Amino acid sequence: MNWLIFLKYVLVMALVTYLVRVVPYICMKKEVKSKFFKSFLAYVPYTVLAAMTIPSILFATDNIWSAAIGLIVGIIVAFFERGLLVVAVSSCAAVLVVELLQRFVF
């Protein structure tokens, strides 16, 4: 691929990302006072992040069961308020154990 085409793609992606972040600030002149709308906006980043990561987690391995068990382990560890590194390592370890068990036991 020509590097000029690549540079154009990167610039277009940067512009789109910038516009998505700036347009709400331009459109909203006054402070939001509605409790419902404020709470709605507070949960949007978490919802978008979950919508992007959950499918990636479930289809990261060839076997849906190992991915699902890794997800469940990650949710349980996160529920007990452990750090991100601990959650990630425990999820990966759970997936590894399930994959090894499936390969050598079943």
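Select Gly-74 to begin: this residue lies in helix 3, where helices (H or I, at least four residues) and strands (E, at least two) are DSSP runs numbered from the N terminus. The model is predicted, so local features need pLDDT of at least 70 and side-chain atom pairs count only at pLDDT 80 or more, while totals for chains, interfaces and linings use all residues. Residues are numbered from 1 along each chain as its sequence is written, and side-chain values use heavy atoms, with hydrogens and water left out.

**Helix 3 against helix 4**

Gly-74 counts as buried, because its relative accessibility is 9%; buried means under 20% relative accessible area, exposed over 50%, and partly exposed in between (1.4 Å probe, protein chains only). With residues up to four places away in sequence not counted, Gly-74 touches Val-87 and Ser-91, contact meaning heavy atoms within 4.5 Å. Measuring from Gly-74 to Val-89 in the viewer should give a C-alpha separation of 8.8 Å, for two residues 15 apart along the chain.

Move next to Ser-91, which has its place in helix 4. Ser-91 is buried, because its relative accessible area is 16%. Beyond its neighbours within four places in sequence, Ser-91 is in contact with Gly-70, Val-73 and Gly-74.

Select Ile-69, again in helix 3. At 35% relative accessibility, Ile-69 counts as partly exposed. Ile-69 touches Ala-94 and Val-98, once residues up to four places away in sequence are set aside. From Ile-69 to Phe-104 the C-alpha distance is 18 Å, and the two are 35 residues apart in sequence.

Continue to Ser-66, in helix 3 (residues 64-79). Is Ser-66 buried or exposed? Ser-66 is buried, because its relative accessible area is 0%. Show its side chain together with that of Glu-99: a polar contact of 2.6 Å joins the two. A polar contact is a pair of N or O atoms within 3.5 Å; within protein, one must be able to donate a hydrogen and the other to accept it, and residues adjacent in sequence count only if both atoms are side-chain atoms. Leaving aside neighbours within four places in sequence, the contacts of Ser-66 are Thr-61, Val-95, Val-98 and Glu-99.

**The loop after helix 3**

Select Glu-81, in the loop between helix 3 and helix 4. Glu-81 is exposed, because its relative accessible area is 72%. Its phi is near 60 degrees, a positive value in a residue other than glycine. Most residues other than glycine have a negative phi.

**Helix 1**

Display helix 1 (residues 3-27), which has 25 residues and reaches 36 Å from its first C-alpha to its last, close to the 36 Å expected at 1.5 Å a residue. The expected span is 1.5 Å times one less than the number of residues. Where is the kink in helix 1? A kink of about 30 degrees lies at Arg-21, shortly before the proline Pro-24; the bend at a residue is the angle between axes fitted to the seven residues ending there and the seven starting there.

Tyr-25 is also found in helix 1. Tyr-25 counts as exposed, because its relative accessibility is 70%. The C-alpha atoms of Tyr-25 and Phe-80 are separated by 36 Å, with their positions 55 residues apart along the chain.

**The largest pocket**

Finally, select Thr-53, Ile-54, Ile-57, Leu-71 and Val-87, which lie nearest the centre of the largest pocket among its 20 lining residues. Helix 2 (35-58), helix 3 and helix 4 (84-104) are the elements that give two or more residues to this lining. A pocket is an open set of points on a 1 Å grid over the protein atoms alone where a 1.4 Å probe fits, with protein on both sides within 12 Å along at least five of seven lines; lining residues have an atom within 4 Å of a point. About 480 Å³ of space lies in the largest pocket, a volume being the space filled by probe spheres set on the points.
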